[in-house]
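Here is a short note for a colleague who is new to this structure. Please keep the model open while reading the points.

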Amino acid sequence: MTESAKPQGFTVVIPARLASSRLPNKPLADIAGLPMVVRVAQRALQSQAAQVVVAADDVSIVAACAAHGVRALLTRKDHVSGSDRLAEACQLLGLPADAVVVNVQGDEPLISPTLINDVARVLTERPEASMSTAAHAIASLDEFTNPNVVKVVMDARQMALYFSRAPIPWWRDGQSEGRFKALPDPAPLRHIGIYGYRAGFLALFPTLAPAPVESMESLEQLRALWHGHRIAVHVTHQAPGPGVDTPEDLARVRALLG
């Protein structure tokens with residue numbers, strides 16, 4: 001789909017922060033001849049987004065994007081979260097309060113353009129929601145019990161009830177000697193870290209007081225639920241490609257794209 005043929009719709013913003021404790025200069029890491037953040041932007045440009053913008057905290061990221069024809073904005077270095085950086089980017093872009101913005105993580109060079117479209121679509125279809133996100137069915141007990149795998153439970157209308165690092169829903173009768181013996185049925189859902197927002201909510205979010213459960217679980221999206229905002233969930237049948245958090249992750253993705 002050419003740029004001129006894309007519908008006038010949502011905006012993709014890719015927050016990119018140079019500092020990373022596990023992988024220094026992560027946005028600029030080379031993957032088959034291109035910086036990782038450029039790889040992410042190229043995937044996002046295959047979606048139906050009206051525009052794709054990198055929100056960077058360093059001029060080196062802006063320069064790398066410009067060298068490959070990717071639009072980038074320089075944002076402040078002192079943002080405490082990616083949503084704060086997104087809020088500044090929306091302000092710099094002059095987006096109206098009802099604009100739909102999809103936050104694509106800058107370390108997801110294999111992100112599915114279709115998934116980006118679906119997260120935007122779900123938010124557009126659900127005016128009662130302030131945010132949208134995605135999930136897919138968990139297929140193994142190891143994933144279900146792994147605290148690094150975030151789980152989500154939904155209501156009947158596919159609105160998030162809660163996100164947790166704990167195995168939820170808790171299957172009371174599915175344990176033996178204190179351990180789960182099988183996965184619940186229906187399968188629990190793994191949360192995928194992609195978010196849709198309305199620009200007006202992004203402006204509001206940094207002003208909301210952090211929630212106690214947010215701090216305990218270390219999950220920022222719980223702040224929205226704590227303050228009564230709704231999060232619509234798109235359930236996909238396709239598990240996302242691997243993200244890049246560590247040197248080992250980078251090697252894995254390089255092998256896939258090399």
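**Notes on the predicted model**

1. Start with C65. C65 has 0% relative accessibility, so this residue counts as buried. Its sulfur has no bonding partner: the closest cysteine sulfur, in C90, is 17 Å away, which is too far for a bond. C90 is likewise in no disulfide, with the sulfur of C65 as its nearest, 17 Å off. C90 is buried as well, at 5% relative accessibility. How many disulfides does the rule give? The count is 0. A disulfide needs two cysteine sulfur atoms within 2.5 Å, so the 17 Å between C65 and C90 rules this pair out.

2. Next, confidence. This is a predicted model. The mean pLDDT of the protein is 91, and 97% of the residues reach 70 or more. Residues 1–8 need a caution, since the pLDDT there is below 50. In the model this stretch has 11 contacts beyond near neighbours in sequence. Where pLDDT is low, predicted coordinates should not be read in detail.

3. Look at helix α1, residues 36–44. Why is α1 described as largely enclosed by the rest of the structure? The reason is that 7 of its 9 residues are buried. The buried residues in α1 are M36, V37, V38, R39, V40, A41 and A44. Note that an arginine, R39, is on that list.

4. Just before α1 in the numbering, check A32. A32 sits in the loop between β2 (30–31) and β3 (34–35). Its phi is near 50°, a positive value in a residue other than glycine. A32 is partly exposed, because its relative accessibility is 40% and partly exposed covers the range between under 20% and over 50%.

5. Now the second largest pocket. Its volume is about 170 Å³. Which residues line the second largest pocket? They are A137, V152, V153, M154, P169, P186, A187, P188, L189 and V235. The lining divides into 10 nonpolar residues, with no polar and no charged ones. Strand β8, residues 151–154, gives the most to this lining, with 3 residues.

6. Two prolines of that lining, P169 and P186, deserve a look at the backbone. A cis peptide bond joins I168 and P169, with omega about -5°. P169 is placed in the loop between β9 (160–164) and β10 (175–176). Another cis peptide bond joins D185 and P186, with omega about 10°. P186 is in the loop between β11 (179–180) and β12 (189–198).

7. Turn to the loop between α7 and α8. Two residues there are worth checking. Q221 lies in this loop, with α7 spanning 212–217 and α8 spanning 222–226. S218 has its place in the loop too. Are these residues buried or exposed? Q221 has a relative accessible area of 6%, so Q221 is buried. S218 is at 53%, so S218 counts as exposed. S218 also has a positive phi, near 55°, in a residue other than glycine.

8. What does Q221 touch, leaving aside residues up to four places away in sequence? The contacts are V150, F163, H191, Y195 and I231. I231 is 10 residues from Q221 along the chain, and their C-alpha atoms are separated by 8.7 Å.

9. Move on to W226, in helix α8. W226 touches A211, P212 and V213, again not counting residues up to four places away in sequence. R157 is 69 residues from W226 along the chain, and 19 Å separates their C-alpha atoms.

10. Last, G200. G200 is in helix α6, residues 199–204. At 30% relative accessibility, G200 counts as partly exposed. Between G200 and K151 there are 27 Å, C-alpha to C-alpha, and the two are 49 residues apart in sequence.

Note on methods:
Residues numbered from 1 in each chain as written. Predicted model: local features only at pLDDT ≥ 70, side-chain atom pairs only at ≥ 80, totals over all residues. Heavy atoms only, no water. Buried < 20%, exposed > 50% of the residue type's maximum accessible area, 1.4 Å probe, protein only. 1 Å grid on protein atoms, 1.4 Å probe; cavity = no way out; pocket = protein on both sides within 12 Å on 5 of 7 lines; lining within 4 Å. Points joined across faces, edges and corners; volume = space filled by probe spheres on them. Helix = DSSP H or I, 4+ residues; strand = E, 2+ residues; numbered from the N terminus. Nonpolar A, V, L, I, M, F, W, Y, C, P; charged D, E, K, R; others polar. pLDDT = per-residue confidence, 0-100. Contact = heavy atoms within 4.5 Å.
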